[in-house]
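Here are my notes on this model, set out as numbered points. Please read them with the coordinates open beside you.

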Amino acid sequence: DDPTRMMRAVRFGQRFGFQIEERTRQLIAEARPMVRQVSGDRLRHEFILILSEERAQAMFSRLQELDLLSAIHPALNWDEQYNPLLEQVLRGEIEPQWNLPEKLGSLSLRHALGFLVWLVHFPLEDALGAAERLRLPSEVRDTLTAVKELQRSLPELTQARPSQAAGCLDGAPPAALYLVDLLKPDAQVRALLRQYLSKWRGVSPKADGNTLRAMGIAPGPQYRMILGELRKAWLDGEISSIEEENQRLQEIIQRLPETR
């Protein structure tokens with residue numbers, strides 16, 4: 001009477017190498033509609049248990065074979081092409097430069113990435129619908145949305161000025177940047193991501209809030225604008241020394257007489 005027993009049967013079957021008997025298959029097929037009644041919290045818990053297993057890919061494949069994934073949400077399926085990606089995010093090395101958090105919402109990073117490399121293959125509306133069905137944290141859903149947006153916008157940004165590309169990437173969740181790279185974009189997009197990580201992300205003006213305060217500029221939104229303009233100038237190669245930054249800062253202040 002508990003539909004999640006079907007998922008546990010698949011998990012234990014793959015862990016221990018058991019075969020599911022024909023009669024059990026028939027019972028699973030008959031009970032399949034009952035999966036719709038299971039709460040998202042319980043389903044998420046079962047998938048986390050699967051993602052914690054050594055043979056997680058085989059478990060997903062068996063769930064697909066038994067047609068249980070689409071019973072959870074119509075958009076869900078599993079394709080063997082996802083296997084290497086799942087292996088990488090669950091057990092592979094993740095370079096420190098991605099600066100990934102330890103958790104996304106209530107999920108550990110590895111489990112969150114496991115859900116993400118699965119759902120990211122579906123159209124955004126379907127992916128978000130499945131994420132909602134599984135009651136995945138908002139951080140995971142936001143990352144899904146960011147990945148799709150980056151996949152759309154990054155090809156155009158390969159021809160943009162560094163400041164424009166960096167401005168777009170600055171607001172993206174680190175996990176989204178990692179996933180876009182993991183999904184093997186074309187060479188230009190990958191080079192753009194690596195340039196951002198290795199160089200642009202760390203660019204900042206020498207001036208800061210203390211500098212502006214010492215110049216008599218009252219704290220407020222103009223701080224962000226002034227420092228943003230200076231960073232943009234550094235990124236685009238318009239300035240390359242402290243002296244040039246100071247000169248550009250004076251020019252910016254001259255355009256803002258109310259801050260003087």
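1. I begin with helix α14, whose buried residues are covered by elements that include α10 (162-170), α13 (209-214) and α15 (242-254). Those buried residues are Q222, Y223, I226, L230, R231, A233, W234 and L235, where buried means under 20% relative accessible area, exposed means over 50%, and partly exposed lies in between (1.4 Å probe, protein chains only). The helix itself runs over residues 221-235, has 15 residues and reaches 21 Å from its first C-alpha to its last, close to the 21 Å expected at 1.5 Å a residue; the expected span is 1.5 Å times one less than the number of residues. Helices here are DSSP runs of H or I with at least four residues, strands are E runs of at least two, and both are numbered from the N terminus.

2. A word on the basis of these remarks: this is a predicted model, in which local features need pLDDT of at least 70 and side-chain atom pairs count only at pLDDT 80 or more, while totals for chains, interfaces and linings use all residues. Residues are numbered from 1 along each chain as its sequence is written, and side-chain values use heavy atoms, with hydrogens and water left out.

3. As to the overall form, the chain has 15 helices and two strands. Its radius of gyration is 24 Å, well over the 18 Å that the globule rule gives for 260 residues, so the chain is more spread out than a compact globule; the radius is taken over C-alpha atoms, and the rule is 2.2 Å times the number of residues to the power 0.38. Taken along the principal axes, the box filled by the C-alpha atoms is roughly 80 × 35 × 25 Å.

4. Buried residues make up 45% of the 260 residues in the chain, and among contacts with a separation of 6 or more, 68% are between residues 24 or more positions apart, a contact being heavy atoms within 4.5 Å. The accessible surface comes to about 13600 Å², with 49% of it belonging to carbon and sulfur atoms; these areas come from the Shrake-Rupley method with a 1.4 Å probe.

5. The chain carries 34 positive and 36 negative charges, and their mean positions are 2 Å apart. In this count Lys and Arg are positive and Asp and Glu negative, with His and the chain ends not counted, and each charge is placed at NZ of Lys, CZ of Arg, CG of Asp or CD of Glu.

6. Helix α1 (residues 4-16) has 13 residues and spans 18 Å from its first C-alpha to its last, close to the 18 Å expected at 1.5 Å a residue. Its buried residues are T4, M6, M7, V10, R11, G13 and Q14, and they pack against α2 (22-31), α3 (40-51), α4 (56-65) and α5 (69-72). From helix α4, R62 touches V10 and Q14 as well as I20 and R25, not counting residues up to four places away in sequence; R62 is buried, with a relative accessible area of 13%.

7. Several backbone angles deserve a look. Most residues other than glycine have a negative phi. R135, which is not a glycine, nevertheless has a positive phi of about 55°; this residue is in the loop between α8 (124-133) and α9 (138-157) and is partly exposed, with a relative accessible area of 48%. K184 also has a positive phi, near 55°, in the loop between α11 (174-182) and α12 (187-198), and is exposed at 65%. Among glycines, G17 follows α1 with a positive phi near 75°, and G237, just after α14, takes a positive phi of about 75°.

8. Which distances help to relate the parts of the chain? E22, in helix α2, and G237 are 215 residues apart in sequence and 68 Å apart in space, C-alpha to C-alpha. S240, an exposed residue at 57% relative accessibility in the loop between α14 and α15, is 63 residues from L177 in sequence and 28 Å from L177 in space, C-alpha to C-alpha.

9. Finally, L157 in helix α9 counts as buried at 8% relative accessibility. L157 touches Q164, A165, C168 and L192, not counting residues up to four places away in sequence, and its C-alpha is 8.3 Å from that of V189, with the two positions 32 residues apart in sequence numbering.
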